[in-house]
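Colleague: Please take a close look at the charged side chains in this model. I would like to follow the salt bridges and the burial of their partners.

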Amino acid sequence: TMGDVMIKPHPIFYAGGYGGYGTVSGGYKNDGNVAQGRFTLGVDAKEYRQWMLGGEVGIQSGNTMRLATSSSVLDPTTDLLPQAILKPLIDLLFTVKGQIQPDKPLYYILKGGIAYRQLQLEDRTSTYGDGLSKLAGEFQAGVGMNLTEHVQLNAFYQGIYSNNNA
């Protein structure tokens, strides 16, 4: 033989599809509760000690909802709550992945970064504009399991943090 062959790790690109259920703060009663979908493109770029470091960009579905508001904002002729669309959000995340036990297919994932969100009023106008665009901090944490060499199953908590609600 010619000796040990050194295989250099190379970036691993991936695509992910996620589904879940969440709550948007500021929605009227259950209007802020939403089933959501998320599509991501990512890369596991660098192995550092026992962690795999990488990045991810994603787009997540939005929601149409009535907003919880004070009576001073209601239309006095109809008493209708403002209707708004939370448009799909785009996020950019730094990822860290590590094995829970070296000989098991279980791992943990931590993601952090920023999310860009837009909220558009549907049925009325405002002196401050008819929509908002905001950057907010985002954090995701979860566990996963390798089902095959190319398929993984993950469960996550996702939080998008802002001083404002919808």
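Modeller: What follows is a walk through the salt bridges, then a charged residue without one.

This is a predicted model. The count comes to four salt bridges.

Start with arginine 66 and aspartate 31. Their side chains meet in a salt bridge at 2.6 Å, N to O. The two partners sit in distant parts of the chain, 35 residues apart. Arginine 66 belongs to strand E4, residues 63–66. Aspartate 31 lies in the loop between strand E1 (12–23) and strand E2 (33–48). How accessible is arginine 66? Its relative accessibility is 33%, so arginine 66 counts as partly exposed. The cut-offs behind that call are 20% and 50%: buried is under the one, exposed is over the other, and partly exposed is in between.

Next, aspartate 91 and arginine 38. This salt bridge spans 2.9 Å, N to O. Again the pair links distant parts of the chain, here 53 residues apart. Aspartate 91 is in strand E6, residues 89–99, and arginine 38 is in strand E2. Both aspartate 91 and arginine 38 are buried.

Then lysine 111 and glutamate 56. Their side chains form a salt bridge at 2.9 Å, N to O. Lysine 111 is in strand E7 (residues 106–121) and glutamate 56 in strand E3 (residues 51–60). They are 55 residues apart, another link between distant parts of the chain. Lysine 111 has 3% relative accessibility, so it counts as buried. Glutamate 56 also has 3% and therefore counts as buried. Through salt bridges with shared partners, Arg38, Glu56, Asp91 and Lys111 join into one network.

Now the residue without a bridge. Glutamate 138 lies in strand E8, residues 131–146. Glutamate 138 is buried yet has no salt bridge. Which side chain of opposite charge is nearest to glutamate 138? That is arginine 38, at 4.6 Å. A salt bridge needs the nitrogen within 4 Å of the carboxyl oxygen, so the 4.6 Å separation from arginine 38 does not qualify.

Glutamate 138 does have a polar partner. Its side chain makes a polar contact with the side chain of glutamine 158, at 2.7 Å. Leaving aside neighbours within four places in sequence, its contacts include Asp91 and Lys111, two members of the network. Also among the contacts of glutamate 138 are Leu93, Ile114, Ala115 and Ile160. Glycines appear too, including Gly112, Gly113 and Gly159. Gln158, the polar partner, is in the contact list as well.

Conventions: Residues are numbered from 1 along each chain as its sequence is written. This is a predicted model: local features need pLDDT of at least 70, side-chain atom pairs count only at pLDDT 80 or more; totals for chains, interfaces and linings use all residues. Side-chain values use heavy atoms; hydrogens and water are left out. Helices (H or I, at least four residues) and strands (E, at least two) are DSSP runs, numbered from the N terminus. Buried means under 20% relative accessible area, exposed over 50%, partly exposed in between (1.4 Å probe, protein chains only). Lys and Arg count as positive and Asp and Glu as negative; His and the chain ends are not counted. A polar contact is a pair of N or O atoms within 3.5 Å; within protein, one must be able to donate a hydrogen and the other to accept it, and residues adjacent in sequence count only if both atoms are side-chain atoms. Contact means heavy atoms within 4.5 Å.
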